[in-house]
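Trainee: I would like to go through this model with you, strand by strand and helix by helix. Where do we start?

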Amino acid sequence: MANELIRFENVGKTYITGSVTYEALHDVNLTIDEGEMVVILGPSGAGKSTLLNLVGGLDGATKGRIFFGEDEITAFNDVRLGKFRARDVGIVFQFYNLVPTLTAIENVSLMQDLGLDIMDPLEALDMVGLADQKDKFPSQLSGGQQQRVSIARAIAKKPRLLLCDEPTGALDTNTGKEVLKILKEQSSIYHRTVVMVTHNALFQEIADKVVTVKNGTIENIVINDHPKEADELSW
Ligand SMILES: Nc1ncnc2c1ncn2[C@@H]1O[C@H](COP(=O)(O)OP(=O)(O)OP(=O)(O)O)[C@@H](O)[C@H]1O
Ligand SMILES: [Mg+2]
């Protein structure tokens, strides 16, 4: 049986802006296993990014408890939470957030400057098929290539958890598929836990677990016994 990596127990998140409070998530109960590929679906405003931010300790829950392995992240102090984010969590966003004045390999090497134990930056670029583009600046790379650099940067520190928020949102179909294939490999080959938020319902076919969020709560969780490979998707 797979090892459980993440557990949400009755988690809620309320945002307070001035005198306005907004309950973005409520009654969330969820477990994610080590090495699992999880896809989070749901309409705009449903609470998907909020959920992802809680998984990665980027934001705190206002109710309930969240566990990562043996640890309760909702009980961490700021220093411990910072270490958790730095060591255990890699993040890929829709827009790549690369430093424009650094080359591909320098963008990946940045993680070393944070004092993290990372893999050889060239090896990380090779994993996403971009070793031969290492000396290009972001402006000299296509959107899909830039996203692959940002994935290389996220995985270089060998995080136990890779979080992706609309990673193919800015890409065309074929380029999006390449990116999806790389993310899927992170789970299927490297046994890294991957949690991906997307609007594209088609992506649920490659997931081990599909979580549908609606109106701030989990509407549905489906386990896929036979997930597809990214290049088997017709989209
Ligand atoms: N920092 C914040 N302060 C106040 N309200 C917020 C904040 N972040 C999100 N919200 C609100 O919480 C709700 C859920 O937002 P969230 O970003 O999680 O949605 P989402 O499902 O990711 O949507 P989308 O698909 O459009 O990205 C929205 O109504 C949003 O306005
Ligand atoms: Mg979002």
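Mentor: With a definition: two residues are in contact if their C-beta atoms, placed from the backbone, lie within 7 Å. Keep in mind also that this is a predicted model.

Trainee: Which residues of H5 do Ala-104, Asn-107, Val-108, Leu-110 and Met-111 in H3 meet?
Mentor: H3 covers residues 104-113 and H5 residues 143-156. By the contact criterion of 7 Å between C-beta atoms, the five named residues of H3 meet a set in H5 made up of Val-149, Ala-152, Arg-153 and Ala-156.

Trainee: How many nonpolar residues does the contact of H3 with H5 have?
Mentor: Sorted by class, this contact has one charged residue and one polar residue. The nonpolar residues in the contact of H3 with H5 number seven.

Trainee: Are H3 and H5 roughly parallel or roughly antiparallel?
Mentor: The axes of H3 and H5 come within 8 Å and cross at roughly 25°. Angles under 35 degrees count as roughly parallel. The crossing angle therefore makes the arrangement of H3 to H5 roughly parallel.

Trainee: Is the crossing of H3 and H5 left-handed or right-handed?
Mentor: The handedness depends on which way the near helix is turned from the far one, and clockwise counts as right-handed. For H3 and H5 the crossing is right-handed.

Trainee: Turning to the sheet, which are its edge strands?
Mentor: Six strands form an open sheet with mixed pairing, in the order E6-E7-E8-E3-E9-E10. An edge strand here pairs on one side only. That applies to E6 (89-93) and E10 (217-223).

Trainee: Which residue in E9 stands opposite Ile-40?
Mentor: E3 (residues 37-41) has E8 as one parallel partner, over four bridges, and Ile-40 stands opposite Val-197 there. Four bridges also join E3 to E9 (residues 209-214), again running parallel. In E9, the residue opposite Ile-40 is Val-211.

Trainee: Which residues of E3 point the other way from Met-37, Val-39 and Leu-41?
Mentor: In a regular strand the side chains alternate between the two faces of the sheet. Met-37, Val-39 and Leu-41 point one way from E3, and all five residues that point either way are buried. The other way point Val-38 and Ile-40.

Trainee: Which helix packs on the sheet, touching E3, E7 and E8?
Mentor: Its direction makes about 145° with that of E8. The helix spans residues 173-188 and is H6.

Note on methods:
Residues numbered from 1 in each chain as written. Chains lettered and ligands numbered in written order. Predicted model: local features only at pLDDT ≥ 70, side-chain atom pairs only at ≥ 80, totals over all residues. Buried ≥ 20, exposed ≤ 12 C-beta atoms within 10 Å, placed from the backbone. Helix = DSSP H or I, 4+ residues; strand = E, 2+ residues; numbered from the N terminus. Pairing = 2+ DSSP bridges. Axes fitted to C-alpha atoms, helices over the stretch in contact; angles between N-to-C directions. Parallel < 35°, antiparallel > 145°, perpendicular 65-115°, else oblique. Nonpolar A, V, L, I, M, F, W, Y, C, P; charged D, E, K, R; others polar.
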